[in-house]
Amino acid sequence: MTIYFLCAFILSMICGAFFTPAILGYCKRKKLYDIPSERKIHANATPRLGGISFFPSMMLAFVAILIYLWKSNPEVIPVNIWSASFIVGLALIYVVGIIDDLVGLNASTKFTAQIIAGSLLPMTGLYVNNLYGFLGIYEIPGFVGIPLTIFVIVFISNAINLIDGIDGLASSLSLLAFAGFLTYFVHYEVYMNTYSLLIAGMMGALVVFFYFNVFGKAEKNTKIFMGDSGSLSLGFTLGFFAVKTAMNNQNIWDYRPEAFLVPVTLIFIPIADVVRVTLYRLFKRQPLFKADKNHIHHKLMRTGLNQHQALVVILLLTIVIYVMNSLLFPTLSSTLIIGIDILIFLLVNMVINLRMKPAS
């Protein structure tokens, strides 16, 4: 199946390479720009609709490969109700994100859409039902797992949205996480072909976006931001695969003691950063949803790093977490490993705090 994943990746890249310049041209004609302000880092007005290319690029590649496989063998790839709930939920998030990018939506409307989209998963029987020993907890009942699943979807969606603060950060962290999920699914080879194709398709679109976002030039109209249509779509997609990985369903795959640790590891930095910022705002009695410059990428730039240098530091920290967790498990429990991850993240933030220049 590897060749089909590669084809989905390449097809999605081709779609993204076609859609992105078209979006840039549309934004220029309609003057749809993200305008620089005191709380923003960029200095030039930049188109903000890059995320519009993610969903259609992924789906076109997915459907094309699916049709080819179906004609070859109708039983090769089952598209089950979980796949359908994911696609419908993602479509809802995608549309809400586009509307927010174009005309703006209040937080309650976006949260409502995220809750509805997240609720589709447990409605089809997909929810977190086991913590695999984290904090000493194993199986959990549906009345706990269902709201936990909805919370996970909403939380991860917003974590990716909030960490989208410098060029390439949300897209590169998502690329690393998707690569991890793809590797995990391919390793088990149990009814995961559908999901692996979707992941490969999303990765193809992200690679194209990353190029325009990081290496594009605003003055040449080749630079673009993903906007909420992109960050919320990525967050929902990562949330879905986190839940899918964590669910214990022995009709599909055997009991996997690492199943909780894997998604936490792959999305650790966005999760840890949003938790830290939230706790900081609670401690300082600041509004929880007020935008600020207290995220890890902002703090790194206050040490004197530029955007690309801050990006490299965060990606290196992410890779360290990935490698360390894979080496420590199963020697240590998931509780201890995640505790070590948190300690490392806090120590890194302490070092950054010591090197930060006063806020201007």
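Patches are built from residues with over 30% relative accessible area and no salt bridge; like charges are joined within 9 Å, and nonpolar side chains (Val, Leu, Ile, Met, Phe, Trp, Tyr) within 5 Å. A salt bridge is a side-chain nitrogen of Lys or Arg within 4 Å of a carboxyl oxygen of Asp or Glu. Accessible areas come from the Shrake-Rupley method with a 1.4 Å probe, and for residues only the protein chains shown count as cover.

This is a predicted model, in which local features need pLDDT of at least 70 and side-chain atom pairs count only at pLDDT 80 or more, while totals for chains, interfaces and linings use all residues. Residues are numbered from 1 along each chain as its sequence is written, and side-chain values use heavy atoms, with hydrogens and water left out.

**The surface patch**

Ile3, Leu6, Ile10, Leu11 and Ile14 make a nonpolar patch on the surface. Together they have about 430 Å² of accessible area. Leu6 sits in helix α1 (residues 2–30). Helices (H or I, at least four residues) and strands (E, at least two) are DSSP runs, numbered from the N terminus. Leu6 is partly exposed, at 44% relative accessible area. Buried means under 20%, exposed over 50%, and partly exposed in between (1.4 Å probe, protein chains only).

**The second largest pocket**

Rolling a probe the size of a water molecule over the atoms shows where empty space is left. The search here uses a 1 Å grid over the protein atoms alone. A cavity is a set of points where a 1.4 Å probe fits but cannot get out; a pocket is an open set with protein on both sides within 12 Å along at least five of seven lines. Lining residues have an atom within 4 Å of a point. Grid points are joined across faces, edges and corners, and a volume is the space filled by probe spheres set on the points.

The second largest pocket holds about 710 Å³ of space. Its lining has 27 residues, and the closest to the centre are Phe155, Phe260, Val264, Ile271 and Val275. Which helix gives the most to this lining? Helix α10 does, with six residues. Other elements that supply at least two residues each include β3 (130–134), α5 (142–163) and α13 (334–355). By class, the lining has 26 nonpolar residues, no polar ones and one charged. Here Ala, Val, Leu, Ile, Met, Phe, Trp, Tyr, Cys and Pro count as nonpolar, Asp, Glu, Lys and Arg as charged, and the others, Gly among them, as polar.

Val275 belongs to helix α10 (residues 268–283). Val275 is partly exposed, with a relative accessible area of 36%. The C-alpha atoms of Val275 and Ala159 are 8.8 Å apart, though the two residues are 116 apart along the chain.

**The cavity**

The structure has one cavity of 30 Å³ or more. The largest cavity has a volume of about 40 Å³. Residues that line it include Ile160, Leu238 and Thr318. Helix α6 (residues 169–188) gives the most to this lining, with three residues. The lining divides into seven nonpolar, two polar and no charged residues.

**Backbone details**

Two residues have a positive phi although neither is a glycine.

| Residue | Phi | Place | Relative accessible area |
|---|---|---|---|
| Tyr132 | about 55 degrees | strand β3 | 6%, buried |
| Leu135 | about 60 degrees | loop between β3 and β4 (137–139) | 60%, exposed |

The peptide bond from Phe329 to Pro330 is cis, with omega near 10 degrees. Pro330 lies in the loop between α12 (307–328) and α13.
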